[in-house]
Amino acid sequence: MATITVLRAGPLTTIQDWPGRVGYWKVGVPPSGPMDDLSFRLANRAVGNPEHAAGLEATMMGPALRFAEATVVAVTGAPAVVTINGISVPQWVSHPVAAGDVLDVGPATDLGMRVYVAVGGGVDAEDYLGSKSTFTLGRFGGLAGRTLADGDELRSARLPVGVTGRVLGDEQPAFTHSWQLGVTVGPHSAPEFFTADDIDDLFGTDYEVHFNSDRTGIRLIGPKPRWARTDGGEAGLHPSNIHDNAYSVGALDFTGDTPILLGPDGPSLGGFVCPVTVVTAQRWKLGQLKPGDTVRFVPVRSDQTASPSQTGLGRRACFVDVLSAGGDPDGGILGSTTTADGTTSVTYRRSGDDNILVEYGDMHLDLALRARVHALSERIDAERPAGLIDLTPGIRSLQVKADPDVWSQERMLAWLNECESQLPAAEDLVVPSRTVHLPLSWDDPATREAIERYMLGVRSDAPWCPWNIEFIRRMNGLGSVDDVHEIVFDASYLVLGLGDVYLGAPVAVPLDPRHRLVTTKYNPARTWTPENAVGIGGAYMCIYGMEGPGGYQFVGRTTQVWNHRYPSQAPGFEPEHPWLLRFFDQIRWYPVSSDELLDMRADVAAGRGDSVRISHGSFSLAEHQRFLDRNAADIARRRTTMEAARAEERERWSRQGEFAVVAAIDAVGHEEAMDEGKVA
C-alpha cells in the first residue's frame, strides 16, 4: 500500500541512501547516494531515522508529496520555501504530518542546488547491490532506476523511528556563492605532471562552476595548465593522459585542459591526471555548487581534516572559510620503495584523505606491472584489515580506499610497505584466464550514427572524422583499413581493468604487442555513444557498458557486458553478479553482421541465446615473457613503424593547428561530454 503520493516530482528528484552502493568501485559501479551527504544525514537525524534510511534528493526544485498516513518529515539542504497544507514551515526541523497532508518543497532559492526530504521510517525502494540509491545512468536502484515522476506512489520502509528534533544552527552547513574546498595534494601534481606555476594557479584562482555539471562531475572554468610534459606517451597525445588508474570521488580530474570535480555518480577508472582531491568531510559541498558559483581550492594536511563521520560542529561545515595553515609539502607522494626483488619502483600517492594509490614502475604498458598489482590486491584482500572499503586495480596501480576514522593513511602506508615486502616475484604469476568469445559488428551503423552526431553537434573538422577506422589506420602506419580489421580480429585482448566506462566495461590490451593499435581519444569528447560500442583509446580496447558520452575511436559494437536482468541469469553471465567479465579474461572477437548483432542483443536482453562463448584456461606471465622474447625483433620493428606514424600524425596536427583548435574549444566551454575519463 502506498503511503506517499508524488503530486509534483520536480525536475530531478531521486531516492538515495547513505553511504550508497559501497564495494563495487572495481567493476565500475559508483557509490551514488546523496551528493550532499551532510544535509541528507541531518534530515534523517531530525526525524529520528537511522543514518542509512533512504530519503529524497531534489535538484533545483523539490517535490510536492501527499501522505496517506501520519508520520514526521524534515527538509534540509539548499534554502527553499517549504509548506505543509499551504502554511510555511522552517527547514532543519522535524514536522508532524497527518493523513491527507501535503508537503510542498519549492525551488532552491538563491544559494545551493539540492534539497533533501526525510520521512519517518524511511522510503522503501529497490535494493540493488546492497543499496537503495538511484543510479540513473545505470538504470538501477531507487524507483526503477529513474527520477521520480508525477503520480508515482512510494511506500514507507517502516524502519524504527527514534527521537525527533531540530538541527542546531551551528550544526547546519553554511551556503555561499563563493565556495572554498579543502583539498589534499595528489595523486598527480608537480613537478611530474604539472608545473609549479600550474599548482600556484590552481590554489590562487576562483574557478567558476560551468552550467554543464551534474552528479557525475562539476565542470569548472579556469586557467589552462602549462603542463610539465608535452604528451602522455603511450597513454595518449595530450599531457593529461595517463595509463588508466582508479579515481576518487572529489578528485579534480583534468580531461585535457578542462578541470572536473568528480561526483558520486562519476567514474571509477580513467586515464587523466588529478592534481588535488577534496577531503571526505568537505565533499558535501559538491552537491550544492550551482552554475555561476566560484570555487577556491585550499590546501590542507590530510592528518588534520575533520572527521567525515561527524554531522555536528566537529564537521566544521558551519564555516564558509576553510581554516588551514597549509597543505602537505610532499607533492602528493607519501613515500616510495622497491619491490622485494629490487627490480621495480613502488610509489605511494595520496588521493584525498581516504585513498592511497599504489603505483608500480615507469609510465609504460607492462603486464608484469599489472601482475604486481594483482599480487598486492590478493594479499590485501586475504587479510581485509578493519576500515578497508575498496580495492580498485588500474593498469599499473592499485587504489586502496579506507575509512579515515578507522585506518589512517599513516598506518595504511606502513602496512602496505610491509605487504610489499612479502609479495612473490611477478614472473611467478599464474592466474585463471577464461577466453570469452564475443560477436563484433564491424563499423556498426550505431557507431557511424554517433560519429555523424559528433560532426553535427560538436565539431566536423576533427582528424578522426568522418571515419574512426581510417584514423586508426593512419595513426599506426597501416596500409589499408583491412589491416585494422585483420589485427582486431586476430588479437586476444587481456582484461586489465573493469569499469573504465562504468558497469563492468573492460579496459583490455592485446597480448601480442604487434596487435596494439594506439590512438588518441576524441577531444572534445562525444556527447553520445551507443551501449556496447567497441573502441580503442591509447593502447587499450574498451566496450562501453552503457549509453553516454565517450572518446575512444570506434571499431564496432558487441553484445551486453552488464546483465540488466540481474538477479535473473542471462546467457554467459554468472548468477552471483551482473557483470560478464573478470580480470585477466581474454576477449576474442568473431564477426557478425549488424542485423545479426541486433538479434543477439535482443536474445541477451531476453535471457536467451548463445552469443557468448567461454572456455577456461590460465595466464602465465613467465610463459608470456617467453613469447615476447621469441618475437622481440619483429615486435621492435613493428613498434618503430607505429611510432613513426604517430610522430607524423602529431606533426600533421601541429601544421594544421589542431592543438590550438582543441585549446580554443576547451576555452569557450563547447565540450559537451562530461569527461573522457568517466566515459573513456
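This tour proceeds through a predicted model, one selection at a time.

**Helix α5 and its surroundings**

Begin by selecting residues 445–457, which form helix α5. The helix holds 13 residues and spans 18 Å from its first C-alpha to its last, close to the 18 Å expected at 1.5 Å a residue. Next, colour A446, T447, A450, I451 and Y454, which are buried residues of α5. Turn the view to look down the axis of α5: the buried residues fall within an arc of 145°, so they line one face of the helix. A general rule is helpful here: an α-helix has 3.6 residues a turn, so residues three or four places apart point the same way.

What do the buried residues of α5 pack against? Add α6 (468–475), β30 (526–529), β31 (533–537) and β34 (553–557) to the selection, for these are the elements that the buried residues meet.

Now move to the start of α5 and display D444. A side-chain oxygen of D444 comes within 2.9 Å of the backbone nitrogen of A446, and A446 is among the buried residues of the helix.

**Two cis peptide bonds**

From α5, follow the chain into the loop between α5 and α6, where P466 lies. The peptide bond between C465 and P466 is cis, with omega at about 10°. For another cis bond, select W18 and P19, where omega is about 10°. P19 is found in the loop between β2 (13–16) and α1 (37–46).

**Two residues with positive phi**

Remain in the loop between β2 and α1 and select S32. The phi angle of S32 is near 55°, a positive value in a residue other than glycine. Is S32 buried or exposed? With a relative accessible area of 4%, S32 is buried.

Then go to R158, in the loop between β11 (153–154) and β12 (178–185). Phi of R158 is likewise positive, near 55°. R158 counts as exposed, at 56% relative accessibility.

**The pairing of α3 and α4**

Select helix α3 (residues 367–383) together with helix α4 (residues 409–421). The two helices pack at an angle of about 115°, and their axes are 10 Å apart. The crossing of α3 past α4 is right-handed. To see the residues that meet, show L376, R379, I380 and E383 in α3 with W415, L416 and C419 in α4.

**Two buried loop residues**

Select Q560, located in the loop between β34 and β35 (586–592). Its relative accessible area is 7%, and Q560 is buried. Which residues does Q560 contact, leaving aside its neighbours within four places in sequence? They are N532, F573, L580, R601, V604 and A605. With R601 displayed, locate its backbone oxygen, which lies 3.1 Å from a polar atom of the side chain of Q560.

The last selection is S611, in the loop between α8 (594–606) and β36 (613–615). S611 counts as buried, at 6% relative accessibility. Leaving aside neighbours within four places in sequence, S611 is in contact with H437, L438, P439, T559, Y590, M600 and V604. V604 also appears among the contacts of Q560. To finish, select P259 as well: S611 and P259 are 352 residues apart in sequence and 41 Å apart in space, from C-alpha to C-alpha.

Key. Residues numbered from 1 in each chain as written. Predicted model: local features only at pLDDT ≥ 70, side-chain atom pairs only at ≥ 80, totals over all residues. Heavy atoms only, no water. Helix = DSSP H or I, 4+ residues; strand = E, 2+ residues; numbered from the N terminus. Expected span 1.5 Å × (residues − 1). Buried < 20%, exposed > 50% of the residue type's maximum accessible area, 1.4 Å probe, protein only. Arc of directions from axis to C-beta. Contact = heavy atoms within 4.5 Å. Polar contact = N/O pair within 3.5 Å; in protein donor to acceptor, adjacent residues only side chain to side chain. Axes fitted to C-alpha atoms, helices over the stretch in contact; angles between N-to-C directions. Left-handed = near helix turned anticlockwise from the far one by under 90°.
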